Amino acid sequence: MRYAEYRGVFYRPLHPRPTVIIASLCPDGKVNLMPASWNTPVSEEPPTIAVAVDRSAYTFQCLEHSGEATINVAAAEMADLAYRLGSVSGREVDKAKEFSVPLVPSEEVKAPGIDGSIAIYECKVEQKIDVGETRLYIFRVLRVRVLEGAVDEWGPVLSKANLLLHGAGRAFYRVDPKIIWAKKR
Ligand SMILES: Cc1cc2nc3c(=O)[nH]c(=O)nc-3n(C[C@H](O)[C@H](O)[C@H](O)COP(=O)(O)O)c2cc1C
């Protein structure tokens, strides 16, 4: 194989990545919604999820204020919504109202979930690490709900609920529902 030096943005080859939408309660008393594709599970025990949040985002202030959030796994149908939510700041716009986002109450946290998400994680902030322009939040998962019938032992049932993967800018992908079964060892 031949390789060429890549002079583009270094993280392009790490995309597309699953998009989540963070819902958090803000100092102004409103719920703010922010898409984030720089997210990953971190540990099983305890169950944790990390998300890198730019410290200039309003969501950063909201997470510092409330210390909790819901992390909503976006479905492919939510591409327009995710793009819009990521194009304005909650400092200027009440995004939930402006984009008529259907919210569902949570049990373990005050922040609501987003109806239509494939999964809704109710989380509290457990650790924070500043890296460059972002704060990496390690969220402790307190409760998980999934869209009925949409997740099985292998992950999302893609014929029922496909994931929203973020490429770059307005470009999103869905997952090819054809499973590649690796040979049994
Ligand atoms: C699909 C998508 C994924 C994004 N992922 C991230 C991310 O992982 N971390 C981040 O800080 N910003 C990310 N952004 C940008 C923020 O969502 C954007 O700056 C947003 O307007 C911040 O909103 P807020 O100021 O209301 O918190 C993403 C944007 C889009 C459209």
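Is A111 buried or exposed? Hi everyone, let me start there. A111 is buried, because its relative accessible area is 0%. One caution before we go on: what you see above is a predicted model.

So where does A111 sit? Its place is in the loop between strand 7, residues 103–104, and strand 8, residues 113–114. Setting aside residues up to four places away in sequence, A111 touches A23, S24, L25, E68, A69, T70 and S106. If you want a pair to click on, try A111 and K30: they are 81 residues apart in sequence, but their C-alpha atoms are 9.5 Å apart in space.

Now to the core. In soluble globular proteins, nonpolar side chains tend to be buried together. Here, the largest nonpolar core has 41 residues, and the members that touch the most others are L33, V51, V53 and F139. Two or more residues each come from strand 2, strand 3, strand 5, helix 1, strand 6, helix 2 (79–85), strand 9 (119–131) and strand 10. Strand 2 gives the most, with five residues.

Let's zoom in on L33. Which residues does L33 contact, leaving aside its neighbours within four places in sequence? The list is I21, I22, A23, L85, K95, A96, V101 and I114. You may recognise A23, which was also among the residues that A111 touches.

Next, helix 1, which covers residues 58–66. Its buried residues are Y58, T59, F60, C62 and L63. An α-helix has 3.6 residues a turn, so residues three or four places apart point the same way. What do the buried residues of helix 1 pack against? They pack against strand 2 (20–25), strand 3 (31–36), strand 5 (48–54), strand 6 (68–73) and strand 10 (134–146). Right after the helix comes G67, and its phi is positive, near 65 degrees.

On to the aromatic residues. The count comes to four aromatic pairs. In one of them, the ring centres of F10 and Y11 are 5.3 Å apart and the planes are at 85 degrees, so this pair is edge-to-face. F10 counts as exposed, at 63% relative accessibility, whereas Y11 is partly exposed, at 23%. A second example is W154 with W181: the centres are 4.9 Å apart and the planes are at 80 degrees, so that pair is edge-to-face as well. This one links distant parts of the chain, with W154 in the loop between strand 11 (151–152) and strand 12 (155–156), and W181 in the segment after strand 14 (171–173), 27 residues away. W154 is exposed, with a relative accessible area of 60%, and W181 is exposed too, at 55%.

Back to F10 for a moment, since F10, Y11 and W38 form one aromatic cluster. F10 and W38 also join V9 and L14 in making a nonpolar surface patch of about 410 Å². L14 lies in the segment before strand 1 (17–18), and it is exposed, with a relative accessible area of 52%.

Last topic: charges. Side chains of opposite charge can pair when their charged atoms come close. How many salt bridges are there in this model? The count comes to nine. Let me walk you through three of them.

First up, D130 and R55 meet in a salt bridge, at 3.7 Å from N to O. D130 is in strand 9 and R55 is in the loop between strand 5 and helix 1, 75 residues apart. Both partners are partly exposed: D130 has a relative accessible area of 43%, and R55 comes in at 31%.

Then there is R145 with E122, where the closest N and O atoms are 3.2 Å apart. R145 lies in strand 10 and E122 in strand 9, so the pair ties together parts that are 23 residues apart in sequence. R145 is partly exposed, at 23%, but E122 is buried, with a relative accessible area of 0%.

My third example is R140 with E126, with the closest N and O atoms 3.3 Å apart. Here again R140 is in strand 10 and E126 in strand 9, this time 14 residues apart. R140 is partly exposed at 28%, and E126 is partly exposed at 32%. Finally, salt bridges that share partners join R55, E64, K128, D130 and R135 into one network.

That's my tour. Thanks for listening!

Definitions and conventions:
Residues numbered from 1 in each chain as written. Predicted model: local features only at pLDDT ≥ 70, side-chain atom pairs only at ≥ 80, totals over all residues. Heavy atoms only, no water. Buried < 20%, exposed > 50% of the residue type's maximum accessible area, 1.4 Å probe, protein only. Helix = DSSP H or I, 4+ residues; strand = E, 2+ residues; numbered from the N terminus. Contact = heavy atoms within 4.5 Å. Phe/Tyr/Trp six-rings, centres within 6.5 Å; stacked < 30°, edge-to-face > 60°. Patch = residues over 30% accessible without salt bridge, like charges linked within 9 Å, V, L, I, M, F, W, Y side chains within 5 Å. Areas by Shrake-Rupley, 256 points an atom, 1.4 Å probe, with all protein chains shown as cover. Salt bridge = Lys/Arg side-chain N within 4 Å of Asp/Glu carboxyl O. Core = buried A, V, L, I, M, F, W, Y, C linked by side-chain atoms within 4.5 Å.
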